[in-house]
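Q: Could you take me through a close look at the surroundings of one ligand in this model, and then widen the view a little?

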Amino acid sequence: MYTSKEIQEQKNYINKVKKLNNKKLKYSILTMGCQLNENDSEKICGMLEEMNYIPSNDFEDADIVIFNTCCVRENAEDKLFGKLGELKKIKETKGIIIAIGGCMMQEKHITQKLHESYPFVDIIFGTHTLHKFPEDLYKALIENKKIDDILDIDGKIYEGLPIKRSSNFQAQVTIMNGCNNFCSYCIVPYVRGRERSRDPEDIINEIKQLAKDGYKEVTLLGQNVNSYLRVEMEEIKNGKRKDTGKYDKINSFAKLLREINKIDGIERIRFVSPHPKDFTDDVIEAIRDCDKICKLIHLPLQSGSTNMLKIMNRKYTKEQYLDLVKKMKKEIPNLVLSTDIIVGFAGETDEDFEDTLDVVRQVKFEQVYMFIYSRRVGTPGDKMKNQIPEEIKHKRFDKLKALVESQIQENNQKYVGTIQKVLVEGPSKNNKDMLTGRTDSNKVVVFEGKQDLIQKIIDLKIVSEHMWYLKGKIINEG
Ligand code: SAH
Ligand code: SF4
Ligand code: F3S
């Protein structure tokens, strides 16, 4: 791995802050977004811990509070401003540092609001300047001034940042940043910039190291994972990028999957999110051939109506989506699917919504993440005239939810009596005497067992189903 000059510079800042902090100070971080956002938080924690900070769950007790924000839906904003209100009092009585980063900070109207109404915030940093956190913190501490560190241009990919992972057997590995798809409802391309893929060698080395450190499961992350290296390969083809040979062995998502599958020690591979339009045959074949790839694939639908999909700029039709599902189910034994659906996007008619229900009925998803459309400033969707009244959106949402829940219950029945391989995660949240783990298809299973099973993959017989979890019984601890 190559450590850039910029990262070296930040390592110097890490040392400078460490010297300032001659005793251990406490940090508290709130992560508000998706898994990419969580992975960024793990890097923020990594930097903080190298600077002599230790974690604390309590804002009141912390010397620095960090919010890593999301802006994909409106409720994230309400949450941030609510939390900032709470923090104001703590800030006034105790000289804590408040730092806010993440996607929402890439939105101008938000940073403006922060400057105007929340001037007590010390550091504002964006998605392209995460690696500069040590420098921002040093300046806030030593110069006692407010730091605004936002870049509008696409950031580079930085390797070699410290990382403090939230689990010691399941790891998230970001393989690419940004998104080029511009779905008309979505803010992500505006706050995360254009697609840039990490070098395959860096990803493979990171996962080999994870395997050495005892990690069993990796989840590959990106907004559009199955277009991994697409931009880079196109640039090489049209002469915009020099071919240095670094993509000779791995030049696509399918090849990356096959290479990760060979890494000893890693037992499960997951990835989110692929885009249906990029689900090429080589990816389907890789999933089929690689024994470690979990056979639960997330395939975001968004809408089942061809008309809505066009307005959403999704680049596939209802029929193309259903054909893809058919092909995948035929090629990949035991495949199950999960999906994302937006209800009530601008212009959605009752017929359009019926098409969504129809696809849900046909595909029988293992899990459906449902969202009510939320207007995002700066996206084409926000400017569309035919917005759907909130009341209709909610009615449709409830109808979809009822269908999904009835399907989940029916689907759960199929598990009862089967034997499932379960990666044991830890004590159950609701009952500390029980353990909890997940099947290959990401179903939560609760069962009785000894603590030393944690982090192992064991065989469980499913004895009953309870909507959001299954109950199991140990049959083999191998
Ligand atoms: N890149 C991924 C996920 C992006 S965000 C993908 O394409 O699937 C996660 C989910 O949030 C999306 O799949 C979508 O269902 C939902 N989402 C995005 N923008 C939204 C909006 N404006 N309102 C409601 N839901 C939204
Ligand atoms: Fe948003 Fe679409 Fe990109 Fe996903 S693919 S991040 S929904 S623009
Ligand atoms: Fe939210 Fe940014 Fe993820 S907007 S969903 S945290 S990429």
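A: Happy to. A residue counts as near a molecule if one of its heavy atoms lies within 4 Å of it. With that cut-off, in this predicted model, ligand 2 is surrounded by Cys179, Asn181, Phe182, Cys183, Tyr185, Cys186, Val188, Pro189, Gln223, His275 and Arg314. Sorted by class, this shell holds seven nonpolar, three polar and one charged residues.

Gln223 is a good place to step across to the next site, since Gln223 is listed around ligand 2 and again around ligand 3. Around ligand 3 we also find Gly33, Cys34, Asn37, Cys70, Cys71, Val72, Cys103 and Arg192. That shell divides into five nonpolar, three polar and one charged residues.

For the wider setting, the domain assignment splits the chain into domain 1 (4-149), domain 2 (167-293), domain 3 (295-413) and domain 4 (419-474). Taken over C-alpha atoms, the centres of domain 1 and domain 4 are separated by 36 Å.

Now for a pair of helices. The axes of helix 7 (residues 200-212) and helix 9 (residues 253-261) come within 10 Å and cross at roughly 25°. The two helices are therefore roughly parallel to each other, and helix 7 passes helix 9 in a right-handed crossing. Helix 7 brings Ile203, Ile204 and Ile207 to the contact, while helix 9 brings Leu256, Glu259 and Ile260. By class, the residues of this contact are five nonpolar, no polar and one charged.

Notes
Residues numbered from 1 in each chain as written. Chains lettered and ligands numbered in written order. Predicted model: local features only at pLDDT ≥ 70, side-chain atom pairs only at ≥ 80, totals over all residues. Heavy atoms only, no water. Axes fitted to C-alpha atoms, helices over the stretch in contact; angles between N-to-C directions. Helix = DSSP H or I, 4+ residues; strand = E, 2+ residues; numbered from the N terminus. Parallel < 35°, antiparallel > 145°, perpendicular 65-115°, else oblique. Left-handed = near helix turned anticlockwise from the far one by under 90°. Contact = heavy atoms within 4.5 Å. Nonpolar A, V, L, I, M, F, W, Y, C, P; charged D, E, K, R; others polar. Domains from an automatic or database assignment.
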